[in-house]
Amino acid sequence: MRIDIPENTQYFGEGATNFNALCNCQIFLNIASRKLRSLYPQCPIDDIKATEVSILLRIITSIDSFVFLCLQGVDYPSCCTIARSIADILITIRLIYQEKDKNEQIFRHYLYLLDG
């Protein structure tokens, strides 16, 4: 049984799947990542915003790898590992960089960098 999402049908046409939405999001993220790479330096220690952007760019790269492996359909363990990695990176961003207290955010940022 297939579940149709009305927004997918509205945006991509009849017979659209979740994969169409994923590919569209992936294209948008790749275009955004090019712009972010030009705006922020890679892995600076003292720039919290640039470090967060660097982590987000890692997520985009991981999503590209995940989609590629899913389309191959032969490497299930690697797909699971990449999905787990994406989840870990998202939790890291949530824990460190979405902190309201600026001093706590700076402390967690440097602790994250020291941890490696």
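A residue counts as buried when its relative accessible area is under 20%. Keep that cut-off in mind while walking through this predicted model.

Start with helix H2, which covers residues 18-39. Gln26 is found in this helix. Is Gln26 buried or exposed? Its relative accessibility is 14%, so Gln26 counts as buried. Look past its neighbours within four places in sequence, and Gln26 is in contact with Ile63, Asp64 and Val67. Those three residues belong to the H3 side of the contact between H2 and H3. The far end of the picture is Asp115, 89 residues from Gln26 along the chain. The C-alpha atoms of Gln26 and Asp115 are separated by 30 Å.

Now take the H2 and H3 pair as a whole. The two helices pack at an angle of about 145°, and their axes are 10 Å apart. The crossing is left-handed. From H2 come Phe19, Leu22, Gln26, Leu29, Asn30, Ser33, Leu36 and Arg37. From H3 come Val53, Leu57, Ile60, Thr61, Ile63, Asp64, Val67 and Leu71. By class, this contact has 10 nonpolar, four polar and two charged residues.

Val53 is a good place to look at this contact from the H3 side. Val53 sits in helix H3. With 7% relative accessibility, Val53 counts as buried. Beyond the residues within four places in sequence, Val53 is in contact with Leu36 and Tyr40. Ser33 lies 20 residues from Val53 along the chain, and their C-alpha atoms are separated by 9.0 Å.

Next, follow H3 to its other partner, H4. Helix H3 spans residues 48-72, and helix H4 spans residues 76-97. Their axes come within 9 Å and cross at roughly 160°. How do the two helices run relative to each other? Angles over 145 degrees count as roughly antiparallel, and H3 and H4 are therefore roughly antiparallel to each other. Their crossing is left-handed. The residues of this contact divide into 16 nonpolar, four polar and two charged.

The largest nonpolar core has 13 residues. Ile55, Ile59, Ile63, Ile86, Ile89, Ile93 and Tyr97 touch the most other members. H3 and H4 each supply at least two residues of this core. Which helix gives the most? H4 does, with seven residues. Ile63 links this core to the H2 side of the model. Leaving out residues up to four places away in sequence, Ile63 touches Gln26, Leu29 and Ile86.

Thr51 is another residue of helix H3. Its relative accessible area is 6%, so Thr51 is buried. Residues up to four places away in sequence aside, Thr51 touches Pro44, Tyr97, His109 and Leu113.

That brings in the last helix of this tour, H5, which covers residues 102-115. The axes of H4 and H5 come within 8 Å and cross at roughly 140°. That angle makes H4 oblique to H5. On the H4 side, Thr92, Leu95, Ile96 and Tyr97 take part in the contact. They meet Gln105, Arg108, His109 and Tyr112 in H5. The residues of this contact divide into four nonpolar, three polar and one charged.

Terms used: Residues numbered from 1 in each chain as written. Predicted model: local features only at pLDDT ≥ 70, side-chain atom pairs only at ≥ 80, totals over all residues. Heavy atoms only, no water. Axes fitted to C-alpha atoms, helices over the stretch in contact; angles between N-to-C directions. Helix = DSSP H or I, 4+ residues; strand = E, 2+ residues; numbered from the N terminus. Parallel < 35°, antiparallel > 145°, perpendicular 65-115°, else oblique. Left-handed = near helix turned anticlockwise from the far one by under 90°. Nonpolar A, V, L, I, M, F, W, Y, C, P; charged D, E, K, R; others polar. Contact = heavy atoms within 4.5 Å. Core = buried A, V, L, I, M, F, W, Y, C linked by side-chain atoms within 4.5 Å. Buried < 20%, exposed > 50% of the residue type's maximum accessible area, 1.4 Å probe, protein only.
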